[in-house]
Amino acid sequence: KIRFETLYQNAPVMMQELDGRGRILSANKCWLDTMELTENEVIGQHIFRFLDQTSKYYAKAAISDLRRYGSVKNIQCRYQTPAHTIVDVVVSASMNVADRDNSVRVLLVSNELQAHHDLGSTLPAKIRANRCEYISS
């Protein structure tokens, strides 16, 4: 467990763990630093609080696939920091049911697009679009 926690906290991508209702249970250092927030400011908050309006619409569409298939890939969204800075990301999510209390947990992994600007034209056009769009895999 300690090794997993160290990997999670120090991963070079933005990661969050959510409960089945979309509330943040944990966020790693990369996510907190990028969003310019502290853990106390995000724990218990709904993930939609940090998405722009268009992203909320497309994220809702992806949730049904997440529930149906247990995972989704390549959801382009925009997080918005408290200073109103936009962070373009591609999100993948995996859902599981915790053994002990039968509760749903969702792990989100977000790759910041700006950090990968060198990929340029190798990204599919839908991912490069200037809006959030759910892209089925």
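Two rings of Phe, Tyr or Trp, the last represented by its six-membered ring, are taken as a pair if their centres lie within 6.5 Å, and a pair whose planes are over 60 degrees apart counts as edge-to-face. In this predicted model, the count of aromatic pairs by that rule comes to 4. One of them joins Trp31 and Tyr79, whose rings lie 5.9 Å apart from centre to centre with 85° between the planes, an edge-to-face arrangement. This pair links distant parts of the chain, since Trp31 belongs to helix H2 and Tyr79 to strand E3, 48 residues apart. Trp31 counts as buried because its relative accessibility is 0%, and Tyr79, with a relative accessible area of 1%, is buried as well. The rings of Tyr57 and Tyr58 also form an edge-to-face pair, because their planes stand at 85°, with the centres 5.0 Å apart; Tyr57, however, counts as exposed, at 58% relative accessibility.

Trp31 and Tyr79 further belong, together with Phe50, to one aromatic cluster. These three residues, along with Val42 and Ile47, have the most contacts inside the largest nonpolar core, which comprises 26 residues. Two or more residues of this core come from each of several elements, among them helix H2 (29–35), helix H4 (53–69), strand E3 (71–80) and strand E4 (86–97). Around Ile47, when residues up to four places away in sequence are not counted, the residues touched are Gln16, Leu18, Gly22, Ile24, Trp31, Tyr79 and Leu108, so that both members of the Trp31 and Tyr79 pair are in contact with Ile47, contact being taken as heavy atoms within 4.5 Å.

Notes: Residues are numbered from 1 along each chain as its sequence is written. This is a predicted model: local features need pLDDT of at least 70, side-chain atom pairs count only at pLDDT 80 or more; totals for chains, interfaces and linings use all residues. Side-chain values use heavy atoms; hydrogens and water are left out. A nonpolar core is a set of buried Ala, Val, Leu, Ile, Met, Phe, Trp, Tyr and Cys residues joined through side-chain atoms within 4.5 Å. Buried means under 20% relative accessible area, exposed over 50%, partly exposed in between (1.4 Å probe, protein chains only). Helices (H or I, at least four residues) and strands (E, at least two) are DSSP runs, numbered from the N terminus. Rings of Phe, Tyr and Trp (its six-membered ring) pair if their centres lie within 6.5 Å; planes under 30 degrees apart count as stacked, over 60 as edge-to-face and the rest as tilted.
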